[in-house]
Amino acid sequence: MGTDAPMLEQLRQAHTRSPALMPLGETLGFRVERLEAGWAVVAMETSDQHANVLGATHGGVIFALADTAIRLAHLGLLAEGQGGTTVEVKINFLRPVWRTKLRAEAKTVYSGSLLECSVYDGEQRLIARAVATLMRLTEAAGQGRRTVYRGEPPVLSKLDGTTESRRERERLSRS
């Protein structure tokens with residue numbers, strides 16, 4: 001699959017290889033349960049390894065779960081050749097949780113740039129709510145942000161905006 005394929009298709013193909021879609025997600029135990037244009041659901045089982053100093057699930061873990069769901073919902077909206085980035089995320093923590101299943105449900109609220117996410121515990125209680133602003137990137141601004149992670153991040157050239165991996169493919173094709 002080329003780097004210019006629609007992002008949703010790239011994400012779906014990556015999901016068949018890894019239910020977490022990314023190394024951090026694998027480390028934390030994320031599972032992407034739903035992936036649509038403008039909508040994503042990411043879940044995880046929390047345990048003692050996710051605890052803060054008081055024993056509750058660390059807020060950073062909850063934030064990472066919500067941020068991942070938001071970002072995937074946004075990426076699913078991107079057209080061919082577009083990239084995206086997060087501008088701002090705000091989260092409200094509503095109740096602490098210990099050793100439970102968390103489920104982050106993110107959706108687009110406005111024009112693909114304002115998204116929200118509700119995080120629920122295993123008893124379907126709302127435990128956190130996040131709101132994020134994201135933006136679409138095109139042309140050079142989107143370099144390195146249009147391909148789903150496959151093991152090596154692209155290294156951007158400051159001179160021409162191309163990636164090392166792209167340059168290598170071009171070199172090999174000329175051989």
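## A six-strand sheet and its helix

Let's start with one small detail: the side chains of Asp48 and Arg99 are joined by a polar contact of 2.6 Å. Keep in mind that this is a predicted model, and that the distance comes from its atoms.

Where do the two partners sit? Asp48 belongs to the loop between S2 and helix H3 (59–75), while Arg99 is part of the loop between S3 and S4. So the contact links one loop to another. Are these residues buried or exposed? Asp48 has a relative accessibility of 51%, and because exposed means over 50%, it counts as exposed. Arg99 is exposed too, with a relative accessible area of 56%. Asp48 can also be placed against His58, which is 10 residues away along the chain: their C-alpha atoms are 9.9 Å apart.

Arg99 has another feature to look at, its backbone. Most residues other than glycine have a negative phi. Arg99 isn't a glycine, yet its phi is positive, at about 35 degrees. Gln124, in the loop between S5 and S6, also has a positive phi without being a glycine, and its value is near 65 degrees. Gly38, in the turn between S1 and S2, has a positive phi of about 85 degrees.

Now let's zoom out. The protein has 175 residues, and 39% of them count as buried. It contains 4 helices and 6 strands. Reading from the N terminus, you meet them in the order α-α-β-β-α-β-β-β-β-α. Among contacts with a separation of 6 or more, 59% are between residues 24 or more positions apart. On the outside, the accessible surface is about 9,700 Å², and carbon and sulfur atoms make up 52% of it.

How are the strands arranged? The 6 strands form an open sheet in the order S1-S2-S4-S5-S6-S3, and the pairing is antiparallel. S1 and strand S3 (83–93) are at the edges with a single partner strand each, so each has one side without a neighbour in the sheet. From one strand to the next, the twist averages 20 degrees. In general, strands of a sheet pair through backbone hydrogen bonds. Here are three of the pairs, each with two residues that stand opposite each other:

| Strand pair | Bridges | Residues standing opposite |
|---|---|---|
| S1 (residues 31–36) and S2 | 5 bridges | Leu35 and Ala40 |
| S2 and S4 (residues 101–110) | 7 bridges | Glu45 and Lys101 |
| S3 and S6 | 10 bridges | Val89 and Ala132 |

S1 and S2 also make a hairpin, with 2 residues between them. S2 itself, which spans residues 39–45, is mostly covered, as 5 of its 7 residues are buried.

What packs on this sheet? Helix H3 does, touching S1, S2, S3, S4, S5 and S6. The direction of H3 makes about 140 degrees with that of S3.

Thr68 gives you a close-up of this helix, as its place is in H3. Thr68 has a relative accessible area of 8%, and it is buried because that value is under 20%. Which residues does Thr68 touch, leaving aside neighbours within four places in sequence? They are Met22, Phe30 and Val42.

Finally, let's look inside. The largest nonpolar core holds 37 residues, and Leu72, Cys117 and Val119 touch the most other members. Elements giving two or more residues to this core are helix H1 (7–17), S1, S2, H3, S4, strand S5 (114–120) and strand S6 (126–137). Which element gives the most? That is H3, with 10 residues.

Leu72 is worth finding in the structure. Not counting residues up to four places away in sequence, Leu72 touches Leu11, Leu21, Val32, Leu35, Ala40 and Val42. Two of these names were in the table: Leu35 stands opposite Ala40 in S2, and Leu72 touches both. Val42 has come up before as well, since it is in contact with Thr68.

To put the picture together, H3 packs on the sheet and gives the most residues to the largest nonpolar core, while the Asp48 and Arg99 side chains meet in a polar contact of 2.6 Å.

Technical notes. Residues numbered from 1 in each chain as written. Predicted model: local features only at pLDDT ≥ 70, side-chain atom pairs only at ≥ 80, totals over all residues. Heavy atoms only, no water. Buried < 20%, exposed > 50% of the residue type's maximum accessible area, 1.4 Å probe, protein only. Pairing = 2+ DSSP bridges. Polar contact = N/O pair within 3.5 Å; in protein donor to acceptor, adjacent residues only side chain to side chain. Contact = heavy atoms within 4.5 Å. Areas by Shrake-Rupley, 256 points an atom, 1.4 Å probe, with all protein chains shown as cover. Core = buried A, V, L, I, M, F, W, Y, C linked by side-chain atoms within 4.5 Å. Axes fitted to C-alpha atoms, helices over the stretch in contact; angles between N-to-C directions.
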